[in-house]
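This report goes through one protein chain, from overall figures to individual side-chain pairs. The sequence and the structure come first.

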Amino acid sequence: PIVFENDNKQLYGMIHYPASQDFLKPAIILLSAGLKNRVGYGRLYVLLADFLASKGYTALRYDYHGCGDSEGILSPTGSYQEMHADITDLVQKGVFASDSIKAIEVMKKETGHSKFVLCGLCGGSISSLYTAIKSEDVVTIITQIENGIKILKLGSLHPTRDFNYVKDTVRGFISVAKADA
């Protein structure tokens, strides 16, 4: 486990290390889909992080502030319905990008990596876009958003859920894992 701080809130995560470090390969940061924590739907992020580590990649999965085990409050009353509505708006506005920037800084210090791939489903895709435009350390992103979208406008309130295309996203993760560097 790893604990790091952003904006006076403790964020919790897990780093999955490969058997031997290859600093030519970028480290992978898995960004939460939203209210789902660092484990992901059906433990998807645990399985992906373990798979990536088995292929020689260092991977981090962590909870945004106000989600999972991380500190913070996303809605005034804490009701699930309020948080669900609020988190969609927060994701669309890029609120979690600062958490991801801090995660990159921590990974640089903890692992020695200097380049990163951001990966996310749904809200994690949007957060990866906001983070990538703020960090030169991000070499690429793997996203799964909505089928048929040719242009993505940051801040758009269009829904990002289209789980018919999760298979394509997993194919992207596997391609990264099979790549040489």
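## Surface and overall make-up

The chain exposes about 9,100 Å², and carbon and sulfur atoms supply 53% of that area. The model is a predicted one. Of the 181 residues in the chain, 49% are buried.

The chain has 5 helices and 6 strands. Read from the N terminus, the elements follow the order β-β-β-α-β-α-α-β-α-β-α. Among contacts with a separation of 6 or more, 69% are between residues 24 or more positions apart.

## The N-terminal hairpin

Strand β1 covers residues 2–6, and its side chains alternate. Ile2, Phe4 and Asn6 point to one face and are buried, whereas Val3 and Glu5 point to the other face and are not buried. In a regular strand, side chains alternate between the two faces of the sheet.

Strand β2 (residues 9–16) runs antiparallel to β1, and 5 bridges join the two. Within β2, Gln10 is the bridge partner of Glu5. The two strands form a hairpin with 2 residues between them. Asp7, in the turn, has a positive phi of about 50 degrees.

## Nonpolar cores

The largest nonpolar core contains 26 residues. Ile29, Leu60, Tyr62, Phe96 and Met107 have the most contacts inside it. The elements that contribute two or more residues to this core are β1, β2, β3, β4, α2, α3, β5 (116–121) and α4. Helix α3 gives the largest share, 5 residues. A second, separate core has 13 residues, including Leu48, Ala49, Leu52 and Ala59.

What does Met107 touch, leaving out residues up to four places away in sequence? With that exclusion, the residues touched by Met107 are Ile15, Ala27, Ile29, Thr58, Leu60, Gly112, His113 and Phe116.

## Aromatic pairs

The structure has 3 aromatic pairs. In one of them, Tyr64 and Phe96, the ring centres are 4.4 Å apart and the planes are at 15 degrees, so the pair is stacked; planes under 30 degrees apart count as stacked. This pair links distant parts of the chain: Tyr64 is in the loop between β4 (59–62) and α2 (80–92), and Phe96 is in the loop between α2 and α3 (97–111), 32 residues apart.

Tyr64 and Phe96 are both buried. Together with Phe4 and Tyr62, they form one aromatic cluster. Phe4 is also one of the β1 residues on the buried face, and Tyr62 and Phe96 are among the residues with the most contacts inside the largest core.

## Salt bridges

The structure holds 4 salt bridges. One of them joins the side chains of Asp63 and Arg38, at 2.4 Å from N to O. Asp63 is in the loop between β4 and α2, and Arg38 is in the loop between β3 (27–31) and α1 (44–54), so this pair ties together parts 25 residues apart in sequence. Both Asp63 and Arg38 are buried. Arg38, Asp63 and Asp69 are linked in a network of salt bridges.

A salt bridge within one helix is formed by the side chains of Glu105 and Lys102, at 3.4 Å from N to O. Both residues lie in α3, 3 residues apart, about one turn of the helix. Glu105 counts as partly exposed because its relative accessibility is 42%. Lys102 is also partly exposed, at 25%.

## The surroundings of Asp137

Asp137 forms a salt bridge with Lys108, with the closest N and O atoms 2.9 Å apart. The pair links distant parts of the chain: Asp137 is in the loop between α4 (123–132) and β6 (138–144), while Lys108 is in helix α3, 29 residues apart.

Is Asp137 buried or exposed? Buried means under 20% relative accessible area, and Asp137 has 18%, so Asp137 counts as buried. Its partner Lys108 has 34% relative accessibility and therefore counts as partly exposed.

Leaving out residues up to four places away in sequence, Asp137 touches Ile104, Lys108, Ser114, Lys115 and Phe116. Ile104 is 33 residues from Asp137 along the chain, and their C-alpha atoms are separated by 7.9 Å. Phe116 is also among the residues that Met107 touches.

Technical notes:
Residues numbered from 1 in each chain as written. Predicted model: local features only at pLDDT ≥ 70, side-chain atom pairs only at ≥ 80, totals over all residues. Heavy atoms only, no water. Buried < 20%, exposed > 50% of the residue type's maximum accessible area, 1.4 Å probe, protein only. Helix = DSSP H or I, 4+ residues; strand = E, 2+ residues; numbered from the N terminus. Pairing = 2+ DSSP bridges. Contact = heavy atoms within 4.5 Å. Areas by Shrake-Rupley, 256 points an atom, 1.4 Å probe, with all protein chains shown as cover. Phe/Tyr/Trp six-rings, centres within 6.5 Å; stacked < 30°, edge-to-face > 60°. Core = buried A, V, L, I, M, F, W, Y, C linked by side-chain atoms within 4.5 Å.
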